[in-house]
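Me: I've just opened this one and could use a walk through it. Can we take it piece by piece?

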Amino acid sequence: MGGWAIAVHGGAGVDPNLPKERQEEAKRLLTRCLDIGISALRSNLPAIDVVELVVRELETDPLFNSGRGSALTEKGTVEMEASIMDGPKRRCGAVSGLTTVKNPVSLARLVMDKTPHSYLAFAGAEEFARTQGVELVDNGYFITEDNVGMLKLAKEANSILFDYRVPTLGTCCIGVGAALESPIQMNGLPISVYAPETVGCVVVDKEGRCAAATSTGGLMNKMNGRIGDSPLIGSGTYACELVGVSCTGEGEAIIRSTLAREVAAVMEYKGLNLQEAVDNVIKYRLDEGKAGVIAVSKNGEVACGFNTTGMFRGCATEDGFREVGVW
Amino acid sequence: MGWAIAIHGGAGDIPLSLPPEKRLPREAGLRRCLEVGIAALKARNHPLDVVELVVRELENHPNFNAGKGSVLTTSGTVEMEASIMDGKTMKCGAVSGVSTVVNAISLARLVMEKTPHIYLAFDGAEAFAREQGLETVEMSHFITPENIERLKQAQEADRVQIDYTQPIQKETPKDAAVADGDSQIGTVGCVAVDNEGNLATATSTGGLVNKMVGRIGDTPVIGAGTYANHLCAVSATGRGEAIIRGTVARDVAAVMEFKGISLKEAAAYVIDRVPPGTAGLITVSSTGEITMPFNTTGMFRACATEDGYSEIAIWDSPSK
């Protein structure tokens, strides 16, 4: 017991038909991020710095749904959000509606450290970013060809799902046809076009300080202005003296169940340990919602839980435990 | 059992010396809005409809910090936010950055009922409001002379602090009080339960005086300013940043459930754990109990139960 621990995730809800090559690519990225975090922890960087560092890496890589590689809004643009929380005093920062900020998690950190507020969004957040001199890019930087294709499929799938039309295979693209064969859905989209929603990192350092950070482009084909769970303290992200938590999955379900706070609450008020707490909230607090959770405790433990088909994740502890997985 | 309803018009550093011309219109406003809620409950409207109706009334009242009468951002603009939640279904809706919609709480309800999402903000929320045909007006409709004055005082106070402290951000305490104690008032809210135990909550606000443009507080954050489940419905008010960090609304229900204590004990426990002078809340339970604790100087509030009890108060009262 004691010592550092770290967990990262690249989203819950994975298409069971995801090509092996993509799975390997994801595992390589998770491994790389884990190593970055571990190296930082060994250099005695505090937990709050480590989670920011690791999430920046996940945002910069286009593979997962955050920063570059974010899911697209219904208009084909990118609107990103993130939050970060520092366990010891429960300081927090969050941002939503970012369109030009290269690393949303770092702006969330600046909101926490440099303003009297906890949460800034849209034009106000972008303006703050400018005054802070953070790196800004064109919205186009975040958009990948993959996601442009996914958006098209999502729109087709949505119109079919909502109109209850039976598709004629001749007119539908193959992607949608295949999508409809798979019964797995998340947030109303077939799993093959649903982009797992977020990335996140939780860390406890050698001093027992916990921190958590989450970042996302949000739901594919979302309405412009839609805010999900990732920037909401208590829903997508939470950290206190006991624990650091980051969630991913169906945003609306995570909000409704205040999932991240729930992990800490059952530990605090019911005396559950970390793994029990994670298992408990996944099993009992989600109703029909689908989500995944990563968490670390001040005692150097790490735990993951999910009721989705897969969650991209990696975790490690100071005493040598290490695991990177998808299923 | 029977129905129960509580409303608030904001917790804060409300001076005991509040002059009658500021106190009386607010008491009258609380009284009227309470009556609207009571009538709706007596007519057997669902609590979700009741809380929306009452908060609409509070938003329209110019002396509370919501809708008309909202406090101003540092740019002198209005950015309103609101959220609503149904305890039985746990469905919820929230909006932020609304500047032209007459009743933000109704927009939050539409997000809940007419979109696959929970929370819409800024341009996206405004566009949705227009699509839905909600009443919109020029932003000037919401701006009152009192709030222009409050902003002026707040900005002068900041200017003085900036002169005396450096570096600005690190030394200025996050909870720095603004010159005019009266300006700490934040939000309006309503919680209600019918005689079948159906619970609902709604909260609405203009936010913090002199807030940064784009600042979001606790009001639209489910679990912070607003929360309802099968046990209780909660609406919080005060210093948004403290309420977010303290996940105040969610914790009341969590503590009731996990520690097995009463509504009153749970609410007091939660308020005790946020820094003094930062929060208040109103809450009703599924069995018709009400409690309205606060750790600020005062909280504009009112409540009533089916068995005839009713109360309107600002500062401490024996039956708190």
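Me: Which nine strands form an open sheet, and in what order?
Reply: The order is 9(A)-4(B)-3(B)-2(B)-6(B)-5(B)-1(B)-11(B)-12(B), and the pairing is mixed. Strands here are DSSP runs of E with at least two residues, helices are runs of H or I with at least four residues, and both are numbered from the N terminus. Two strands pair if DSSP finds at least two bridges between them. Keep in mind that this is a predicted model, where local features need pLDDT of at least 70, side-chain atom pairs count only at pLDDT 80 or more, and totals for chains, interfaces and linings use all residues. Residues are numbered from 1 along each chain as its sequence is written, chains are lettered from A and ligands numbered from 1 in the order in which they are written, and side-chain values use heavy atoms, with hydrogens and water left out.

Me: What stands at the edges of that sheet?
Reply: Strand 9 (226-227) of chain A and strand 12 (310-313) of chain B are there, each with a single partner strand, so one side of each has no neighbour in the sheet.

Me: How many bridges are there between strand 11 and strand 12 of chain B?
Reply: Four, with strand 11 (residues 298-305) and strand 12 of chain B running antiparallel. Along that pairing, B:Ala302 sits opposite B:Ile312.

Me: Which helix lies across strands 1, 2, 5 and 6 of chain B?
Reply: That's helix 2 (residues 47-60) of chain B, running at about 155° to strand 5 of chain B. Angles run from 0 to 180 degrees between N-to-C directions, using axes fitted to C-alpha atoms, for helices over the stretch in contact. Contact means heavy atoms within 4.5 Å.

Me: OK, and B:Thr187, where does that lie?
Reply: B:Thr187 is in the loop between helix 6 (168-171) and strand 5 of chain B.

Me: Is B:Thr187 buried or exposed?
Reply: B:Thr187 is buried, because its relative accessible area is 3%, and buried means under 20%, exposed over 50% and partly exposed in between (1.4 Å probe, protein chains only). Leaving out residues up to four places away in sequence, B:Thr187 touches a list of residues including B:His8, B:Asn65, B:Thr203 and B:Thr237.

Me: Chain B has a four-strand sheet too. What's the order there?
Reply: The order is 7-8-9-10 (chain B), in an open sheet with antiparallel pairing. Strand 7 (226-228) and strand 10 (290-291) of chain B are the edge strands, each pairing on one side only. Strand 9 (residues 279-285) and strand 10 of chain B are joined by two bridges, with B:Thr283 and B:Thr291 as bridge partners.

Me: Which helices lie across those strands?
Reply: Helix 8 (residues 248-259) of chain B lies across strands 7, 8 and 9 of chain B, at about 140° to strand 8. Helix 9 (residues 263-272) of chain B lies across strands 8, 9 and 10 of chain B, at about 160° to strand 9.

Me: Switching to chain A: how many residues of strand 11 are buried?
Reply: Seven of its seven, in residues 243-249 of chain A. Both faces are covered, with A:Val243 and A:Val245 among the buried residues on one side, and A:Gly244 and A:Ser246 among those on the other.

Me: What does strand 11 of chain A pair with?
Reply: Strand 10 (residues 237-239) of chain A pairs with strand 11 in the antiparallel sense over three bridges, and strand 12 (residues 291-297) of chain A does so over seven. A:Val245 is the bridge partner of A:Tyr238 and stands opposite A:Ala295 in strand 12 of chain A.

Me: And where do the two chains meet, how many residues take part?
Reply: The contact takes 40 residues from chain B and 41 from chain A. About 3,600 Å² is buried between them, with carbon and sulfur atoms giving 63%; that is the accessible area (1.4 Å probe) that two parts lose on being put together, summed over both.

Me: How many salt bridges cross that interface?
Reply: Four are found by the rule, which asks for a side-chain nitrogen of Lys or Arg within 4 Å of a carboxyl oxygen of Asp or Glu. A:Arg261 forms a salt bridge with B:Asp251, with the closest N and O atoms 2.8 Å apart.

Me: Last one: where in chain A does pLDDT stay under 50?
Reply: Over residues 160-181 of chain A. The score is the predictor's confidence in each residue, from 0 to 100, and chain A averages 90. Where pLDDT is low, the predicted coordinates should not be read in detail.
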